[in-house]
Amino acid sequence: MKKGWKWLSLTLLVTIFAVFMAACSQTTGGGSGSVDVGIVLPTKDEPRWVQDEQRFKEALADSDYTTEILFSQGSSAKEKENVETLLNKGIKVLIICPHDGDAAAAAVEAAKKDGVTVISYDRLITNTDAVDYYVTFDSVAVGAAQGQYLVDNVSGSDVPLYLYAGAASDNNAFLFFEGAWNVLQPKIADGTFKVANSSEAEALKDKAMLSRDEMSKILGQVTTNWDPNEAINKAQTHLTAVGADLKGDVAVLAPNDGTARSIADVFASDGDVSSYIVTGQDAEKASIQYVIDGKQSMTVFKDVRTLVTDAMGMAVSILDGDTPETTGSYNNGSVDVNAKQTDVIVVNQENVQKELIDSGYYEASEFEGL
Ligand code: GAL
């Protein structure tokens, strides 16, 4: 009898323990708040996004809220999986930079169904109403700054102009191109530049404002897909295809630093190119070294600290039950998304010390020849 009781109490204990464990795993897995803010970034393969992760970690060091950062490694399927993982951890706010703006709609629609507030980060998620807010840099201004740099640093006429662009799956690629076109088009039309590598751009050279479809046609010829290797291949192909009249002193619109370094290397190794001006953006460390060394002409510095502060500021307002502050809106093809936008800074050899070292963004010791 005594033995029986002992056995029974043991069984009872085991059962209670099992029920307790099941309840616990439901708490973490079933959405009752182990992570407050989920952050999904596109890829670790580009220094730009590793920089964002780093800046998030610095900003979150003494946050009262719990966060988790996941990378999608250039895959919309992985991105959706990441969002589902975070939903299972009970997030209330999702900060997401989509790999592909259209394809990310499914992931954020799942988040909205769970009552999560969605903040599109740097890149806009398009053609869905499941986006609540957008934090971004002024991307049209990025492209305009790139175009203006080329205009300001060439002389004469018929300067060969090589155009490159980002991935068509990224809404920003259109904004950058639009900004650059606004500045470059009048100078192509008046004969300052001669487009060297896009028959579509050449055909549209008298049009000040391009439709999205028209830009798509140009991007179809000159996209890098944000991939440095694709940029190398395209640049090589273009330089092989042109005659000597489209070499000499040339201007190159490169959309970001990763592709700028690749394209710069190709142009530098062509004996018939006597000089090149090449743009960039992101102020990646490797490109800052290129700027110092005179291998990349400029970069557009987008202070990721500000973007992170804005995104987390919004998330905290939402968690606190307040309405985040916004400064305007972007139409994503389905709805107007309230947005907070940050300015950008043009950096070249002259102000690199002031903007990137004196500002505390990077350490002088990370570079040579400053
Ligand atoms: C853009 C982003 C840029 C650049 C590019 C490639 O959307 O705004 O900073 O990094 O993607 O990842």
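1. In this predicted model, the shell of residues around the ligand draws on two domains, with at least three residues coming from each of domain 1 (2-131 + 304-342) and domain 2 (139-302 + 347-366). When you look at the structure, it may help to find these two domains before turning to the ligand itself.

2. The shell consists of 13 residues, and the closest to the ligand are Glu46, Arg48, Asp122, Asp170 and Asp282. Sorted by the character of their side chains, the residues of the shell comprise seven charged, three polar and three nonpolar ones. Two helices, H2 (47-60) and H6 (171-189), each contribute at least two residues to this shell.

3. Several polar side-chain atoms can be followed to the ligand: an N or O atom in the side chain of Asp282 is 2.6 Å from an oxygen atom of the ligand, while a polar side-chain atom of Arg123 lies 2.8 Å from a ligand oxygen atom, and one of Lys302 lies 2.9 Å from a ligand oxygen atom. Of the 300 Å² of accessible area that the ligand has on its own, the protein covers 100%.

4. As for the space itself, the ligand takes up the largest cavity.

Terms used:
Residues numbered from 1 in each chain as written. Predicted model: local features only at pLDDT ≥ 70, side-chain atom pairs only at ≥ 80, totals over all residues. Heavy atoms only, no water. Near = heavy atom within 4 Å. Polar contact = N/O pair within 3.5 Å; in protein donor to acceptor, adjacent residues only side chain to side chain. Areas by Shrake-Rupley, 256 points an atom, 1.4 Å probe, with all protein chains shown as cover. 1 Å grid on protein atoms, 1.4 Å probe; cavity = no way out; pocket = protein on both sides within 12 Å on 5 of 7 lines; lining within 4 Å. Sits in = over half its atoms within 2 Å of the grid points. Helix = DSSP H or I, 4+ residues; strand = E, 2+ residues; numbered from the N terminus. Nonpolar A, V, L, I, M, F, W, Y, C, P; charged D, E, K, R; others polar. Domains from an automatic or database assignment.
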